[in-house]
Amino acid sequence: MQQLTAQDASFLYAETAKAPMSGGGLTIYDPSTAPGGKVTFKGLMTHIEQRLHMAQAFRQRIVTVPFNADHPYWIEDETFDIEFHMRHIALPEPGDWRQLCIQCARLISRPLDRTKPLWEFYVIDGLDRVKAYPPGCFAVLSKIHHAAVDGASGTELTSAIHDLEPIGGPPTPPPTEWRGERLPSAQQLLARAAFSNVAHPFRSLPPLAKAVAANRKIMELSRRQGAAELGPGAAPRTRFNAPVSAHRVVDGIMLDLDDVRSIRSLSPGSTVNDVFLALVGGALREYLQDKGELPAESLTAMCPISVRAEGDKSTSGNQVAAMMVALRTDIDDAAARLRAVHSGTKAAKELTNAIGAETMTEMGKVIPAAIAALAGRLSAAMAIANERTSPPYNTVVTNVPGPQVPLYMAGARAVAMYGFGMVHDNMGLMNVVNSYCGKIALSIASCRDMMPDPAFYAGCLQHSFDRLRAAAV
């Protein structure tokens with residue numbers, strides 16, 4: 001048994017039937033590189049089954065402590081059945097990009113079964129007219145609960161099921177034979193919870209001490225720079241900051257990494273992440289202008305940042321903190337917007353460094369599990385979304401660096417990788433940046449009621465990128 005951290009457990013507490021806390025990844029494969037130029041569903045299942053030991057998340061399920069007296073536990077699922085987790089479907093004719101997006105949106109809308117390991121793979125055939133991908137391609141949509149992985153550990157999980165050559169060598173054998181675990185009894189779980197709650201005040205002291213030290217650093221930074229420069233300020237309320245429905249939409253565009261890098265010349269010292277923040281800012285400006293809903297104030301994005309230690313190859317759990325950045329949707333000029341975003345991210349990074357990214361993640365340890373669970377359910381029920389309060393941020397922009405070398409699964413080469421994040425009440429739009437082999441996929445997931453026209457927003461993203469590239473040229 002392995003107990004979830006406070007941060008991992010928070011994604012379970014905040015989950016509702018209409019807001020699953022599971023992310024999705026869509027990878028498109030070209031089977032022409034596989035032996036015989038063909039890959040079967042059974043062959044894919046065997047390929048994954050041989051690599052289950054390379055990622056903890058594959059065979060671990062959740063066990064909840066009665067009355068939420070403590071955070072849940074992971075146990076090895078003794079009833080694990082890979083056939084439950086891998087499914088095979090096909091698009092109807094003509095099998096185009098819009099149909100693929102609709103199918104993916106339907107699949108990621110459904111919550112995962114908590115009595116099983118929290119992942120599902122859908123092999124999707126019939127991609128006959130999906131963009132410019134080679135004929136005969138198939139896709140794999142992965143759904144994995146955020147309690148099990150974050151962006152960094154999800155990348156390691158991707159590595160576990162791929163090879164660097166079409167005909168890879170045999171997978172690394174497991175160090176020991178895998179064994180499932182029986183479900184612990186309620187008495188066993190409550191006994192563990194009693195001990196944990198006695199020790200809780202002592203575990204809370206180090207995070208509280210770090211918080212006090214961080215507060216002193218913030219006050220010093222405020223005196224030096226002025227409070228106005230410490231953050232983007234209150235976020236305006238938009239259509240994306242309201243209770244979400246149970247239905248999703250997804251879409252995405254593909255860009256060249258070299259083009260993105262060239263745009264950095266508009267603002268010396270800026271990063272690729274700055275470019276994407278400015279790009280999303282321009283797209284949201286155009287989208288909301290079209291609806292007659294563009295606020296005068298800039299929209300704010302939350303950017304997850306990894307605090308995983310260098311060299312940490314763990315394929316489970318979350319080790320992330322949050323950075324708030326103004327998207328400068330109040331600036332029309334693309335180049336000026338990028339310079340303003342870069343200035344804002346510099347200030348945000350200084351604030352994050354002052355607090356300490358690890359301090360942000362450790363503060364969850366201070367809150368007892370029962371209170372954390374209650375807070376998660378109340379926030380979900382109340383939606384924390386009413387017109388009298390400002391949302392903490394308007395959207396999420398997350399950057400997940402991927403491999404720059406080709407990956408193969410069962411011999412089929414991965415030709416594109418998209419990512420679809422989860423949305424929830426008060427945050428109904430997520431933008432995910434995935435890099436792979438010199439290309440960058442900018443994918444979006446949103447609530448269908450908030451964004452009934454995802455293809456139009458994807459067009460706004462492309463238009464915003466074209467304006468930035470034109471300015472750089």
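1. Let's start with the whole chain. Buried residues account for 51% of its 473 residues. Keep in mind as you look around that this is a predicted model. The secondary structure adds up to 12 helices and 15 strands. Of the contacts between residues at least 6 apart in sequence, 81% link residues at least 24 apart.

2. Now for the interior. In soluble globular proteins, nonpolar side chains tend to be buried together. Here the largest nonpolar core has 88 residues, and the members that touch the most others are Trp119, Phe276, Tyr457 and Leu461. Helix 8, which spans residues 272-290, is the top contributor to this core, with 11 residues. Another core lies apart from it and has 24 residues, including Leu141, Tyr418, Phe420 and Ala445.

3. Phe276 is a good residue to click on. Leaving aside residues up to four places away in sequence, Phe276 touches Leu255, Val260, Val433, Ile440 and Leu442.

4. Next, try finding a pair of helices. The axes of helix 8 and helix 12 (residues 454-472) come within 8 Å and cross at roughly 125°. Angles from 115 to 145 degrees count as oblique, so helix 8 is oblique to helix 12. Their crossing is right-handed.

5. Which residues make the contact between these helices? Helix 8 supplies residues including Val275, Leu279, Ala283 and Tyr287, while helix 12 supplies, among others, Phe456, Tyr457, Leu461 and Leu468. Sorted by type, the residues of this contact are 13 nonpolar, 3 polar and 2 charged. Glu286 and Asp290 of helix 8 take part in the contact too.

Key: Residues are numbered from 1 along each chain as its sequence is written. This is a predicted model: local features need pLDDT of at least 70, side-chain atom pairs count only at pLDDT 80 or more; totals for chains, interfaces and linings use all residues. Side-chain values use heavy atoms; hydrogens and water are left out. A nonpolar core is a set of buried Ala, Val, Leu, Ile, Met, Phe, Trp, Tyr and Cys residues joined through side-chain atoms within 4.5 Å. Buried means under 20% relative accessible area, exposed over 50%, partly exposed in between (1.4 Å probe, protein chains only). Helices (H or I, at least four residues) and strands (E, at least two) are DSSP runs, numbered from the N terminus. Contact means heavy atoms within 4.5 Å. Axes are lines fitted to C-alpha atoms, for helices over the stretch in contact, and angles run from 0 to 180 degrees between N-to-C directions. Angles under 35 degrees count as roughly parallel, over 145 as roughly antiparallel, 65 to 115 as roughly perpendicular and the rest as oblique. A crossing is left-handed if the near helix is turned anticlockwise from the far one by less than a right angle, and right-handed if clockwise. Ala, Val, Leu, Ile, Met, Phe, Trp, Tyr, Cys and Pro count as nonpolar, Asp, Glu, Lys and Arg as charged, and the others, Gly among them, as polar.
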